[in-house]
Amino acid sequence: MTVNVERNLSPPGVDLGRFPSRGRARALALARHLGGLVALLLASSVVVFLSLQLAPGSPESVLFGQQQVPDAVREAVRARYHLDDPVPLQYLNWLAGVLQGDFGVSIAYQQPVSTRIGDAAATTVLLAGYALVLILLVGVGLGALAALRPGRVDGLVTLLTGVAVATPTFVAATLLLSYFAVELGWFPVYGPGTGLLDRLWHLTLPAVALTIWAASFVARVTRAAMREQLAGEHVETARARGLAERHVIRRHVFRNALVPITTVAGLQAAGLIVGTVVVDQIFQLGGLGQLLVTAVNQSDFPMVQAICLLLVCAFVLVNTGVDLLYRVLDPRLRAAAGARR
Amino acid sequence: MSEPLLEVRDLSMTIGGRRRRRTILRDVSLRLDAGRTLGLVGESGSGKSMTARSILRLLPAGARTEGTVRFDGASLPDLSPAQLRRVRAHEIAMVFQDPRAHVNPVRTIGDFLTEALVLNDGVAAAEARDRARAGLADVGLSEPDRRLDQHPHELSGGMLQRVMIAAALLARPRLLLADEPTTALDVTTQSEVMAIVDELRRELGTAMLFITHDLELAAAVCDELAVMYAGEIVERAPAAQLVSSPRHPYTAALLAARPSVERRRARMATVGGRPIAAYEAGSGCSFAPRCPHAEERCRTAQALRPLGTAEVRCCRAEELETAAAERGEEAVR
């Protein structure tokens with residue numbers, strides 16, 4: 001039996017496999033993605049701005065309350081906050097400022113909003129980052145352990161994560177605070193600390209509080225995803241080829257399970273942005289969450305607008321990051337994006 | 001008689017929990033000499049695929065096996081995990097039915113081809129890539145260089161099966177287990193792929209256990225055929241002989257059920273009844289309930305016994321052979 005003539009599947013002159021310039025298609029897909037991202041951020045800025053227009057009260061009523069003030073003063077304040085401009089113009093002015101890093105002047109503090117926000121944002125970013133690292137380490141670690149050690153270890157992990165998944169963050173935060181900070185005194189009760197190490201020490205309990213629920217969730221998804229891959233046919237192929245078990249696990253089980261793991265980890269990372277608001281309040285960390293709650297109570301409009309916009313941006317950026325990570329992890333999604341062109 | 005490359009003797013396999021164990025294989029015996037080909041033919045669920053898997057010890061959870069499996073004199077069930085990995089890496093390779101599922105979708109073709117070389121043998125990445133490229137050219141894939149950087153979803157099923165064959169043969173194994181390698185492919189691709197497997201196998205002197213439900217394809221490719229039914233081998237014979245003069249009623253029924261271009265019929269012949277699984281079989285001949293020639297003594301256990309150059313598991317094989325010969329003479333008159 002000889003096979004020489006019919007080896008190439010494609011008929012002569014027609015190359016079925018060649019796509020016109022993969023690099024260009026990929027760049028286009030990325031550009032479209034980024035364009036959508038900008039549009040989404042602009043839309044959110046409109047919503048954030050308008051929602052505060054709808055809120056009761058105005059800057060002048062906050063500043064003056066019931067007192068009688070001379071018209072000249074009232075005029076000056078209205079001019080300072082551009083209150084007499086039409087709403088679209090007010091929005092454009094605000095947006096122009098935001099794009100240059102100027103979020104306006106805080107009504108309550110009479111300082112530029114950006115100076116107040118800087119420190120708070122640093123604390124929040126540090127807390128969210130700290131928590132995310134813990135969530136990934138603990139969640140993926142426990143999940144992988146349960147997937148690879150069926151029986152007692154798996155049962156124990158499933159039980160623990162089952163309880164933890166049912167524990168809301170604010171309950172966990174309160175329990176941790178009362179035991180490890182008040183009872184044992186191992187950790188500070190409140191405050192953000194100064195210097196990196198001291199800050200991390202102060203942020204440990206809050207980060208653990210954020211971790212418990214999210215890590216359990218990640219652990220359960222990791223376990224299920226790895227179990228599914230372990231039973232997969234491509235894993236059978238890898239074993240049939242005599243690969244060492246550690247290579248099989250790393251290259252074919254864990255690598256493929258990363259796709260669903262990234263999905264939940266991304267959701268958790270986005271959820272952390274809201275989660276920090278709660279924990280921030282409980283541990284009095286002086287992060288964006290605490291600042292937001294205070295600003296709302298004081299009707300500090302520019303401050304609330306700025307923080308809301310930052311939180312929304314963080315949320316959108318995290319989601320975009322996860323989306324881009326997907327394409328790296330799963331080549332089939334790259335193809336799907338290419339097919340739409 | 002010289003030592004065969006692969007010898008399976010009285011291989012039995014059960015599966016399931018402590019309460020309900022189910023028989024999958026019953027006393028399967030095979031032998032395959034170096035460089036030769038044996039076709040294992042049977043319907044779905046007859047145990048042919050499990051036979052191949054139990055040779056490589058790719059067993060489902062809860063499976064228990066009994067019997068001997070010797071490869072080049074070594075007993076495979078008694079190997080340590082490390083020794084077993086060496087056999088899988090260098091001696092026996094397997095090609096699976098569904099390449100789409102059996103090749104990792106998130107890794108490149110190049111990675112799939114080179115990983116065994118790099119991880120098992122410590123071949124340098126660049127050299128492994130050269131060998132992978134040559135392997136792809138050997139199985140007739142166009143533009144092997146570009147294929148190396150592609151992912152499985154960018155290739156057709158036929159191309160992907162060629163990739164799997166190339167991967168299996170890169171390790172230059174002495175035995176190839178081909179588990180329905182062409183079943184998932186369309187007919188024209190099927191013959192191309194089969195031709196490539198056979199050509200490369202001959203070049204390398206690799207023996208092949210070819211598993212299929214396609215009796216004619218098996219007869220075209222293999223030196224010898226074994227027909228499986230309900231977890232046991234019912235007939236084994238040289239390929240040409242098995243097709244021209246089947247000894248077992250099941251083989252005869254399978255051959256009669258082949259569609260033919262010459263004989264046009266209103267309705268295709270079928271084997272009456274439905275195939276049974278190994279665990280449903282009673283103590284007697286497992287084919288007896290469907291066999292047009294079954295009689296009282298077929299209810300007793302049947303052994304695989306030599307008959308001429310063949311082996312057959314049917315107590316009436318001689319009578320039926322004579323009857324067939326007489327009918328043949330009558331037809332000539």
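This text goes through a predicted model, beginning with its confidence scores and ending with the contact between chain A and chain B.

The model scores ipTM 0.86 and pTM 0.81. For chain B the mean pLDDT is 86, with 94% of residues at 70 or more. For chain A the mean is 82, and 89% of its residues reach 70 or more. Within chain A, confidence is highest in helix α9 (residues 233-240), at 93, and lowest in helix α13 (residues 331-339), at a mean of 64. Residues 1-20 of chain A have pLDDT below 50. Beyond near neighbours in sequence, that stretch makes 17 contacts in the model.

Chain A can be read against its UniProt record. An unreviewed entry there gives the annotation "transmembrane region" to residues 34-55, 127-148, 155-180, 200-219, 257-283 and 303-326 of chain A. Among these spans, residues 200-219 of chain A are 100% helix and 0% strand in the model, and the C-alpha atoms at the two ends of that span are 24 Å apart. Residues 303-326 of chain A are also 100% helix and 0% strand, with end C-alpha atoms 35 Å apart.

One helix pair in chain A shows how its elements pack. Two packed helices are described by the angle between their axes and the distance between the axes. Helix α6 (residues 152-165) and helix α8 (residues 196-230) of chain A have axes 8 Å apart, at an angle of about 135 degrees. Angles over 145 degrees count as roughly antiparallel and those of 65 to 115 degrees as roughly perpendicular, so α6(A) is oblique to α8(A). The crossing of these two helices is left-handed. On the α6(A) side, the contact is made by Val157(A), Thr161(A), Ala164(A) and Val165(A). From α8(A) they meet Ile212(A), Trp213(A), Ser216(A), Phe217(A), Ala219(A) and Arg220(A). By class, this contact has seven nonpolar residues, two polar and one charged.

Turning to chain B, the UniProt record (unreviewed entry) places the feature "domain: ABC transporter" at residues 6-255. In the model this span of chain B is 43% helix and 26% strand. Its end C-alpha atoms lie 28 Å apart.

Inside chain B, the axes of α4(B) and α7(B) come within 9 Å and cross at roughly 15 degrees. Because angles under 35 degrees count as roughly parallel, α4(B) is roughly parallel to α7(B). The crossing of α4(B) and α7(B) is right-handed. Ile109(B), Phe112(B), Leu113(B) and Leu117(B) are the α4(B) residues of this contact, and they meet Val163(B), Ala166(B), Ala167(B) and Leu170(B) of α7(B). The residues of this contact comprise eight nonpolar, no polar and no charged.

Which elements of chain B give two or more residues to the side that touches chain A? The contact as a whole joins 31 residues of chain B with 28 residues of chain A. The elements in question are α2 (81-91), α3 (99-102), α4 (109-121), α7 (157-170) and α8 (187-204) of chain B. Helices α4(B) and α7(B), described above as roughly parallel, are thus among the elements that face chain A in this list. The largest share, five residues, comes from α8(B). By class, the side of chain B that touches chain A has 14 nonpolar, eight polar and nine charged residues.

Methods
Residues numbered from 1 in each chain as written. Chains lettered and ligands numbered in written order. Predicted model: local features only at pLDDT ≥ 70, side-chain atom pairs only at ≥ 80, totals over all residues. Contact = placed C-beta atoms within 7 Å. Helix = DSSP H or I, 4+ residues; strand = E, 2+ residues; numbered from the N terminus. Nonpolar A, V, L, I, M, F, W, Y, C, P; charged D, E, K, R; others polar. pLDDT = per-residue confidence, 0-100. Axes fitted to C-alpha atoms, helices over the stretch in contact; angles between N-to-C directions. Left-handed = near helix turned anticlockwise from the far one by under 90°. UniProt positions renumbered as here; feature names shortened; annotations may be inferred.
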